[in-house]
Amino acid sequence: LFCIDTPLPKLLDVVRTRVHAFTNHGPHHGDVAQALMDLGATVCTPTSPSCDACPLNKLCQGYSTQDALSY
């Protein structure tokens, strides 16, 4: 979604900040986090992402650059 290419260990801080900003909206932020994990397990898979079927593809930097497989 964000095309983060920061290497470990700094990656953890970058991801934590981005995810917190993305999921911290209202009392159901845990549901949003779970939905993102489910999306990653079913639609945005590491080896064969289904970008055209993804409900977040308009927000996704990997989709917009046609480089989702790199992330």
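**Exercise 1. Cys 3 at the start of the chain**

Find where Cys 3 sits, then work out whether the residue counts as buried or exposed.

*Solution.* Start with the place: Cys 3 belongs to the segment that comes before α1. Keep in mind that you're looking at a predicted model. Next, the surface: the relative accessibility of Cys 3 is 18%. The cut-off for buried is under 20%, so Cys 3 counts as buried. Last, check the backbone: phi of Cys 3 is near 50°, which is a positive value in a residue that isn't glycine.

**Exercise 2. Another positive phi**

Take Gln 66: where is it found, and is it buried or exposed?

*Solution.* Gln 66 turns up in the segment after α3. Its phi is near 55°, again a positive value in a non-glycine residue. Now the surface: Gln 66 has a relative accessible area of 77%. Exposed means over 50%, so Gln 66 is exposed.

**Exercise 3. An unusual peptide bond to look up**

Which two residues are joined by a cis peptide bond?

*Solution.* Go to Leu 8 and Pro 9, and read omega for the bond between them: the value is about 0°, and the bond is cis. To place it on the chain, note that Pro 9 lies in the segment before α1.

**Exercise 4. Asn 57 and its surroundings**

Locate Asn 57, decide whether it is buried or exposed, and list what it touches.

*Solution.* First, the place: Asn 57 is in the loop that runs between α2 (29–42) and α3 (61–64). Second, the surface: its relative accessible area is 11%. With buried set at under 20%, Asn 57 is therefore buried. Third, the neighbours: leaving out residues up to four places away in sequence, Asn 57 touches Cys 51, Asp 52 and Tyr 63. Finally, zoom in on Cys 51: its backbone oxygen lies 3.0 Å from a polar atom of the Asn 57 side chain.

**Exercise 5. The largest pocket**

What is the volume of the largest pocket, and which residues lie nearest its centre?

*Solution.* Begin with the volume, which is about 760 Å³ for the largest pocket. Then go to the lining: 30 residues contribute, with Leu 1, Phe 2, Cys 3, Cys 44 and Tyr 71 nearest the centre. As for the elements, α1 (10–23), α2 and α3 are the ones giving two or more residues to that lining. Sort the lining by class and you get 23 nonpolar, six polar and one charged residues. And there's a link back to the start: Cys 3, the buried residue of the opening exercise, is among those nearest the pocket centre.

Notes
Residues numbered from 1 in each chain as written. Predicted model: local features only at pLDDT ≥ 70, side-chain atom pairs only at ≥ 80, totals over all residues. Heavy atoms only, no water. Helix = DSSP H or I, 4+ residues; strand = E, 2+ residues; numbered from the N terminus. Buried < 20%, exposed > 50% of the residue type's maximum accessible area, 1.4 Å probe, protein only. Polar contact = N/O pair within 3.5 Å; in protein donor to acceptor, adjacent residues only side chain to side chain. Contact = heavy atoms within 4.5 Å. 1 Å grid on protein atoms, 1.4 Å probe; cavity = no way out; pocket = protein on both sides within 12 Å on 5 of 7 lines; lining within 4 Å. Points joined across faces, edges and corners; volume = space filled by probe spheres on them. Nonpolar A, V, L, I, M, F, W, Y, C, P; charged D, E, K, R; others polar.
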